[in-house]
Amino acid sequence: MGQEMFGMATTSQLLASALGLLLCVQLCRGTGELRLVNGGSRCAGRVEVKHEGQWGTVCSYDFDWDVRGASVVCRQLGCGTMARASPYMPFGAGAGRIWLQPFFCRGTETALHNCPHFGWGQHYCDHNWDVGVTCSDAVELRLVNGGGPCAGRVEVKLRGQWGTVSDDRWEMEDAEVVCQQLGCGSAKSAHGSTRFGKGSGPIHLALVDCRGDESAVWECTVQGWGPYTGRHDWDVGVVCQGFVRLVGGDSACLGRVEVRQGRAWATLCEAHVDLNTAHVICKELGCGAALAITGAARFGAGAGPIWDGGFECAGNESLLSACARRLPHGQGCTHASDAGVICSPYTGFRLVNGSTECTGRVELEARGTWGSLCDAGWDMPDAQVLCHHLGCGFAASVPRGGYFGTGSGPLWRDTFHCSGTESHLGECPATALGTPACSLGHTAAVNCSGGAEPLRLVDGESRCDGRLEVALGGAWGRVLPQQWDVSSASVVCRQLRCGTVQKAYAAPVLQPGSSPLGLSGLRCTGTEACLAQCNATLHSTMPPGHTEEAVVVCSGSRRVRLASGPGRCAGRVEVYVQGTWSQVCEDAWDLWDATVVCRQLGCGEALAVPGSAHYGRGSGPVWLGTGRCSGAEATLWDCPAPAPVLALGQRGCKQGAGAAAVCSELTVLRLAGSSGCTGRLEVFYNGTWGSVCANGTSPATAAVVCQQLGCGATGRLASAPATTQGSGPAWLAWVQCELGTDSLWHCPSAPWHLQPCDSPGDTHITCDGDPGGTRVTPTPARATGCPDGTACTGAHRSPAGGAGAMPVPTILCIVLGTLLCLALGALAMQAWRAMARHRGPGRAGDTISEAVYEELDYTLTPEYQEVPSGSGSPSEGSATKLPYYTSDSVEVSSPATAADTPALPRHGPPDGYDDAAAVLHPGEAASPGSSNGDVSEVAVLEAGSRPSLSHPELPGATTDAPASAPQDMGYDDVGVSGPGTSL
């Protein structure tokens, strides 16, 4: 018994000793040095520790080496959080000593050797189990090939090399993590195939599964960590909503500023947005330079939350989310002070192929591509703005016909509408949709005077108003307002070619200390040619305590705009006069005044003058300087000012300051369907909603339309349902948008024209998102001139009379014209009957015995009808031609050519000319043996229908079938024919 007990005690002691050796926690410490090798950076690689002056590896079995041990390594190295814990020698097997085999780390240790281990140099694994770690600071994430930092193919940087992410089940939860990690807001769409092209490097991550709330994509469940070599057929991509967006404008580059706050969009206070912040916003959205910061009156007030605080940007950040946050200060903001930003849609301008940098062919950069500008719409005001923007003085001439060559890049068809006083060409409204194709070799060019003026006006609405700065020793200096008066300001306006001085005053310094140099005591007589001829005192350093600076407003700064409307060509009339935006009194405002405004803005003709309630009342002062235009004036400033109301107790503006205008060039976009994000593509033009033909519409057009309507980032062209044929005109065809275009209005197309659609019919689009409420989509209106369906009418006023009055000469002309038309009609009927009697009784019965007239009520869309000539037999040019496109430029104008008339094009773009079918007399083309009693076919285009063509079928001739059946085009067929004639 004793021996057994002794044996048991001995065995227990041996087991305890062995267990102690296996599970002891060593208290001895090494030097504490740690490194990661073979991982491409100091924050990724094989784990090695230094003990007794020698480096060795760390090995561990896979069930022991997990996130806790790897987190200790990343924390010890200051490399952020753990991204990947890797056993099985992921970075290669080490050589020499194995110093540690840690186990059961808690994750809170300050160093790896503080974890339990078997002792320095004591281990039960070999180099095949050397462990590795990838920390978050060694991993980078980006999106490429998407046109911006918040859309594209997902790529991860591991071991110093970029690679793709491959997944055949990439979902929105995965995309959400990527977008949030990049500071791009929430995900709009997830693309599990090669939407953004195939990658060319290694595949770094494979089969990623996220919940959607992880802070980084490598915190998700990743089945495969690369690098791998293989096919890139499943490279994934994402489109993020972005952290910031601009809404309420007609493109993605201007509108009210909204930032992502959780799952909602929040507005920013105007006081919290400076020019540096605006530049970062524009850069993030893929736009050009920031042109202006506006208030809520320009793009409307928001309705959601308001961002608490602001951003401190240096201006060189690529994303707004990378800027430092500014804590809120002062009183809270309301939606009445929401900020807006206007960015240039163009990222660069230059003159090339000239003898100097200030002469040459005009080239623009858009979406990262340089191209020449077509000269079809290029004029002297546009050239003035470009020369000033490039620091090249003023435009001396505008050569035509590709004077400086044609270039090798794309030819932009954008048409600018500059007044000539804008500071930047991007400030000018520009359109490409509906502009004619550019003639070969006709590129825009300009010869600038060369050399910038040594003075400028800044912080104003244009280059002709603002704070005066002068060039002093290579830097810009401000002018102190001592002795500053109208005489000195007039010299400034004259030198800048900005007209006459309107106002000269002193304004508080906006940024104290921003300009070390300055002038004071500026004294001019007013007759000097330039400011250098005036007397002034130069300060190498600005005097301490100066609080004001000189400001001038020249007449060239006067501008007009239409605010709070669905586009730049409709809205409340506002004028910039005396350095302030003002509303216009509507007491004497009518269609003649609106005609001048529309012409001045390059918006076509005036269609209507809505009442003040239509676009709301503004908040600025009231301008009483117009209301008696004749309609022929070039600008609103040329109209005679109405006599002011001076009666005691009576205001100068009785009806209020809500004058408005709707112009024919107003273009509004919508998808006519149940949701607003799916349906037939329609545009509002010339006062009427019309569709867009599907023939020639590029697939990228769908994405551009969807983004512009706030219906997601992507969309697709859909087949036209047989029952959804549009009833209005077809305005456009061959719309060729490209990916990345910010607005449909910047896409090239066939010219604006009533045109028949080919067999595909109308363009139908299905967007991938839901209505976001970021764009205004008006409801239909018929014959009102307003796209939102409300009462929107206005009467012309005679230039000499009061509102609504019509002069006697006009009335006499109308009466005499009516009598003349009646007389001509009676003579034509008599001639017709005489001809019928002349043919004899056998043929008299075959003639038309009664004329049928149909009155069409089609106010805003042109009417088309066949009008017989005075002789009674149709001749060439006797009918109003219906416009359509043919592929070989053949015009049918007589029976001899009708047999060769081609069908409408199905593959080629339209040539842009009109065509008409000739109408034959019922008896003139009769052939023997033909039956009597047939009726000739007369096509009548009713109000609201789209124009189409049916070619006459002559005896013995064969013609092509019409592209679309008449019943599909929405018009009536009434037959009247003679023997042997079939039309």
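This section describes two nonpolar cores, a buried helix, a buried glutamate and a surface patch in a predicted model.

The largest nonpolar core holds 34 residues. Within this core, Val573, Val575, Trp589, Val597 and Leu636 touch the most other members. Several elements each supply at least two residues: strands β36 (559–567), β37 (570–577), β39 (606–608) and β41 (660–663), together with helix α8 (591–600). Helix α8 gives the largest share, 5 residues. Val597 illustrates the packing. Beyond its neighbours within four places in sequence, Val597 is in contact with Val560, Leu562, Val573, Trp589 and Leu636. Of these partners, Val573, Trp589 and Leu636 are also listed with Val597 among the residues that touch the most other core members. Another core lies apart from this one and comprises 30 residues. Its members include Val156, Cys210, Val238 and Leu319.

Helix α4 spans residues 275–284. Six of its positions are named as buried: Thr277, Ala278, Val280, Ile281, Cys282 and Glu284. The buried set thus includes Thr277 and Glu284 as well as Ala278, Val280, Ile281 and Cys282. Strands contribute to the cover over these residues. Among them are β14 (244–251) and β15 (254–261). Also included are β17 (290–294), β18 (310–312) and β20 (340–343). Gly286 follows α4 and has a positive phi, near 75°.

Glu214 sits in the loop between β11 (203–209) and β12 (221–228). Its relative accessible area is 8%; because buried means under 20%, Glu214 counts as buried. The Glu214 side chain makes polar contacts with backbone nitrogens in this region. One is to the backbone nitrogen of Arg211, at 2.9 Å. Another is to the backbone nitrogen of Gly212, which lies 3.0 Å from a polar atom of the Glu214 side chain. With neighbours within four places in sequence set aside, Glu214 is in contact with Val177, Glu219 and Cys220.

The surface offers a contrasting case. Val815, Leu816, Leu819 and Leu822 make a nonpolar patch of about 400 Å². Leu816 belongs to helix α11, residues 808–839. The relative accessibility of Leu816 is 58%, so this leucine counts as exposed, the cut-off being over 50%.

Definitions and conventions:
Residues numbered from 1 in each chain as written. Predicted model: local features only at pLDDT ≥ 70, side-chain atom pairs only at ≥ 80, totals over all residues. Heavy atoms only, no water. Buried < 20%, exposed > 50% of the residue type's maximum accessible area, 1.4 Å probe, protein only. Helix = DSSP H or I, 4+ residues; strand = E, 2+ residues; numbered from the N terminus. Contact = heavy atoms within 4.5 Å. Polar contact = N/O pair within 3.5 Å; in protein donor to acceptor, adjacent residues only side chain to side chain. Patch = residues over 30% accessible without salt bridge, like charges linked within 9 Å, V, L, I, M, F, W, Y side chains within 5 Å. Areas by Shrake-Rupley, 256 points an atom, 1.4 Å probe, with all protein chains shown as cover. Salt bridge = Lys/Arg side-chain N within 4 Å of Asp/Glu carboxyl O. Core = buried A, V, L, I, M, F, W, Y, C linked by side-chain atoms within 4.5 Å.
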